[in-house]
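Q: I have a protein–DNA complex open here and would like to talk it through. Could you have a look with me?

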2 protein chains.
Amino acid sequence: MVVRSRKGTGRTRRAGEAPLPRAVIERLARYHQITSRAGAAGQSYISSAELAELVGVDATMVRKDMASAEISGRPKVGYFIGDVISRLDQVLGLEQRKDAVLIGAGSLGSAIARYGGFGRFGLKISGVFDADYSRVGQSIGDHVILPMEKCKSVIQIFGVRIAVLTAPASAAQELADWLVGQGIRGIWNFAPVDLRVPAGVVVRNENLALGLAQFLHQLSKAEGAELRV
Amino acid sequence: MVVRSRKGTGRTRRAGEAPLPRAVIERLARYHQITSRAGAAGQSYISSAELAELVGVDATMVRKDMASAEISGRPKVGYFIGDVISRLDQVLGLEQRKDAVLIGAGSLGSAIARYGGFGRFGLKISGVFDADYSRVGQSIGDHVILPMEKCKSVIQIFGVRIAVLTAPASAAQELADWLVGQGIRGIWNFAPVDLRVPAGVVVRNENLALGLAQFLHQLSKAEGAELRV
DNA sequence: TAGATTGTTAATCGATTAACAATC
DNA sequence: TAGATTGTTAATCGATTAACAATC
């Protein structure tokens, strides 16, 4: 076995596959968004200064981030937007089309199912499921809500490896276990629970309550500062 | 003027008001969530080891975080859950009741308006508004959708300083400008746009597309690792 | 060419971890 | 008391910034 990584070294990968730190990835995703918008507005090049301004970081850091994504620009001109997007698509893993099932057709689930914007990232919702029979059969956007019993076969037929979990907190862990058993390898979790999954399964918690707590903290800090000045 | 902060020093505040780094705040919010749950389950004390395990960080870091929030525990016992929650409520600014207006009663806005869970953080939605007259008058949860024209007076009457912005991206900046003009000091923004606001106004972007991009990156990394092993 | 912008190396800063002392 | 757990200081590590060289 060649690939063997000791904690913290991260030196055991093929060239060009350096594991980028989370902070870098977050910024790359923002560059992607901004650059796409600039491209849609007709721009062909974008400078590190412009990106830095919009993201609120130092231009040097933008250039470093670009370097770590192996994107190079041209002195006096900037980065070619086509390059930036196609390379960031690769780095962020937005290229291949990916099927997903959505579990839980409550109000948040419906909002996500209806929102078409994720197609841009290659994410395709192949089926929307709910355990509540009173919801089954209703349509949300292009989808018809299916009973959980059908979920297993949809996962198999389409080879789905991603689940969007918008079920109630009380059911989330049990559903996650079941999904992993069916071959799901990534869960985009909107239930306010820290899911426990086996190693190798990726969970991203989109925890709105945490976001709100952070927002309120910023706010109370800002109000405090105001009172003091 | 006593309060004068030179960039980077952060040494010019009253004792006990050290500006906690964002990473610490994020963890504190998670401790808050976990501790609340443990309390609800009947536990009275929680150890740094338990928190560390659930959050996926080192126990030493939990203790340091607790220290920076001025929460102290008892050797051999752990942290008293009552202390943790009440102190974190203070630090995170979850104590006072805060009124908010919600702008944009589309599917995401409706999901948020319907979701009662934010009351726990002191956030109270005082009114739901939409510019689309076909939506006005419909009810979502406990709220009735009001026309934008009424928004101004609701802000004034209740002294609202927080807005939840779930309008389409195309309208978001204009709405933000208007809201700030009406006295709003904090915007919890769900539109996929980086809002520009005057200094002193707090914006938190809850950008699902960024979240998805990060999730997909993790996933592609994990799949890659799998193939290599 | 001169000037603007990228690219890179070195220095700084801050956050995390390790080691161990303090305490119930 | 012995043992478990918190609390704190010092060491390490990584990320950010500054300075400057390279290049179109």
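**Contacts with DNA strand D**

A: One place to start, bearing in mind that this is a predicted model, is B:Arg63, where an N or O atom in the side chain lies 2.8 Å from a base nitrogen of DNA strand D.

Q: OK, and what does the side chain of B:Tyr79 sit 2.8 Å from?

A: An N or O atom in the side chain of B:Tyr79 is 2.8 Å from a phosphate oxygen of DNA strand D, while a polar backbone atom of B:Lys76 is 3.1 Å from a sugar or linking oxygen of that strand.

Q: Which elements give two or more residues to the surface near strand D?

A: Those are helix H3 (59-68) of chain A and helix H3 (59-68) of chain B.

Q: How many residues surround strand D, then?

A: There are 23, and the closest are B:Ser48, B:Arg63, B:Gly73, B:Lys76 and B:Tyr79; by class, the surface near the strand has 9 charged, 8 polar and 6 nonpolar residues.

Q: And on the DNA side, what share of the atoms within 4 Å of the protein is sugar or phosphate?

A: For DNA strand D, 58% of those atoms belong to sugar or phosphate, and the rest belong to bases.

Q: Switching topic: in what order do the 7 strands of the open sheet in chain A run?

A: The order is E5-E6-E4-E3-E7-E8-E9, with mixed pairing. Strand E5 (139-140) and strand E9 (202-205) of chain A are at the edges, and because each has a single partner strand, one side of each is left without a neighbour in the sheet.

Q: Do E8 and E9 run parallel or antiparallel, and what is the partner of A:Asn189?

A: Strand E8 (residues 186-189) of chain A runs parallel to E9(A) and is joined to it by 4 bridges, with A:Asn205 in E9(A) as the bridge partner of A:Asn189.

Technical notes:
Residues are numbered from 1 along each chain as its sequence is written. Chains are lettered from A and ligands numbered from 1 in the order in which they are written. This is a predicted model: local features need pLDDT of at least 70, side-chain atom pairs count only at pLDDT 80 or more; totals for chains, interfaces and linings use all residues. Side-chain values use heavy atoms; hydrogens and water are left out. A residue is near a molecule or strand if one of its heavy atoms lies within 4 Å of it. A polar contact is a pair of N or O atoms within 3.5 Å; within protein, one must be able to donate a hydrogen and the other to accept it, and residues adjacent in sequence count only if both atoms are side-chain atoms. Ala, Val, Leu, Ile, Met, Phe, Trp, Tyr, Cys and Pro count as nonpolar, Asp, Glu, Lys and Arg as charged, and the others, Gly among them, as polar. Two strands pair if DSSP finds at least two bridges between them.
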